[in-house]
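Hi,

Here is the structure I promised to pass on to you. Have a look at it first, and then read on for my notes on what turned up.

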Amino acid sequence: GDVDPREIARHLGGLSLPAAEDGFDEVRYLWQPAPNAAEYFKSWVSERKLTQPMEDLQPGERFKNQWSEWERTLQDWRRLHDRREPDRRKVLVRKRKADEVGAPGDGAGADQPQKDGDAQTDAAEQASATAAT
C-alpha cells in the first residue's frame, strides 16, 4: 500500500469517507454507489481494528475502576486464605527465617562465627608465645 500500516492503525479512529461537507465540490464513487461504499469502508475499518496493533491505546476510566475493584477482591481472597490457614503460614515464616539465619544446632548460623573467633584467638596466642621466646 501507499501508507504504512502503523500510520493507518494510529489514525484508524479518525478515518472517514470524503463528503461535500468537507469542502469538496463533488464526491463520486466509481466502483459502488455511496451507501455500498460506506458499508464497505465501515467493514474495512472494523477489520483493521481487529487485526492491527493499537500502540497508542490507553485504558479508560471503566477499565481502571474494574482493575482496582479486582485488586481489592484479590486482596480480600488472600486475607481469607491467610486466616483459614494461620498455622501453615506460621510454619512457612519460621522456615524462611531459619533458612536465612541458619537453624540453631545444625552447625550453621550463630555457632560458626564463634569457632572462627576461637581459631583466631588460638593463632594470636601462638604468635605471641613464639615472639616471646
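Before the first finding, a word on terms: a patch here is made of residues with over 30% relative accessible area and no salt bridge, and nonpolar side chains are joined into one patch within 5 Å. Please also keep in mind that this is a predicted model.

**The nonpolar patch**

With that definition in hand, Phe-63, Trp-67, Trp-70, Trp-77 and Leu-80 make up a nonpolar patch on the surface. Together they offer about 570 Å² of accessible area. Phe-63 sits in helix α3 and is partly exposed, with a relative accessible area of 45%. Since the cut-off for a patch is over 30%, that 45% explains why Phe-63 can be counted in.

**The overall fold**

The chain has five helices and zero strands, so in order from the N terminus the elements read α-α-α-α-α. Of its 133 residues, 5% count as buried.

**Salt bridges**

Side chains of opposite charge can pair when their charged atoms come close. How many salt bridges does the structure hold? There are three, and here they are one by one:

- Glu-26 and Arg-28 form a salt bridge, with 3.6 Å between the closest N and O atoms. Both Arg-28 and Glu-26 are exposed.
- Glu-47 pairs with Arg-48 through their side chains, at 3.4 Å from N to O. Glu-47 is partly exposed, its relative accessible area being 45%.
- Asp-76 and Arg-79 are joined by a salt bridge between their side chains, at 2.8 Å from N to O. Both belong to helix α3 (residues 61-84), and because they are three residues apart there, about one helical turn separates them. Asp-76 has a relative accessible area of 38% and is partly exposed, while Arg-79, at 42% relative accessibility, counts as partly exposed too.

**The largest pocket**

Rolling a probe the size of a water molecule over the atoms shows where empty space is left. The largest pocket has a volume of about 370 Å³. Which residues line the largest pocket? The lining is formed by Leu-17, Pro-18, Arg-28, Tyr-29, Leu-30, Trp-31, Gln-32, Ala-37, Tyr-40, Phe-41 and Trp-44. Sorted by class, that lining has nine nonpolar residues, one polar and one charged. You will recognise Arg-28 in the lining as the salt-bridge partner of Glu-26.

**Two pairs across the sequence**

Two further pairs may be handy when you look around the model.

Pro-5 is found in helix α1 (residues 5-10). At 44% relative accessibility, Pro-5 counts as partly exposed. Pro-5 and Pro-53 lie 48 residues apart in sequence, with a C-alpha to C-alpha distance of 9.5 Å.

Ala-38 belongs to helix α2 (residues 34-51). It is partly exposed, because its relative accessibility is 36%. Ser-16 is 22 residues from Ala-38 in sequence, and their C-alpha atoms are 8.9 Å apart in space.

If you want a place to start, I would suggest helix α3, which holds Phe-63 of the nonpolar patch as well as the salt bridge between Asp-76 and Arg-79.

Happy viewing, and best wishes

How values were computed. Residues numbered from 1 in each chain as written. Predicted model: local features only at pLDDT ≥ 70, side-chain atom pairs only at ≥ 80, totals over all residues. Heavy atoms only, no water. Salt bridge = Lys/Arg side-chain N within 4 Å of Asp/Glu carboxyl O. Buried < 20%, exposed > 50% of the residue type's maximum accessible area, 1.4 Å probe, protein only. Helix = DSSP H or I, 4+ residues; strand = E, 2+ residues; numbered from the N terminus. Patch = residues over 30% accessible without salt bridge, like charges linked within 9 Å, V, L, I, M, F, W, Y side chains within 5 Å. Areas by Shrake-Rupley, 256 points an atom, 1.4 Å probe, with all protein chains shown as cover. 1 Å grid on protein atoms, 1.4 Å probe; cavity = no way out; pocket = protein on both sides within 12 Å on 5 of 7 lines; lining within 4 Å. Points joined across faces, edges and corners; volume = space filled by probe spheres on them. Nonpolar A, V, L, I, M, F, W, Y, C, P; charged D, E, K, R; others polar.
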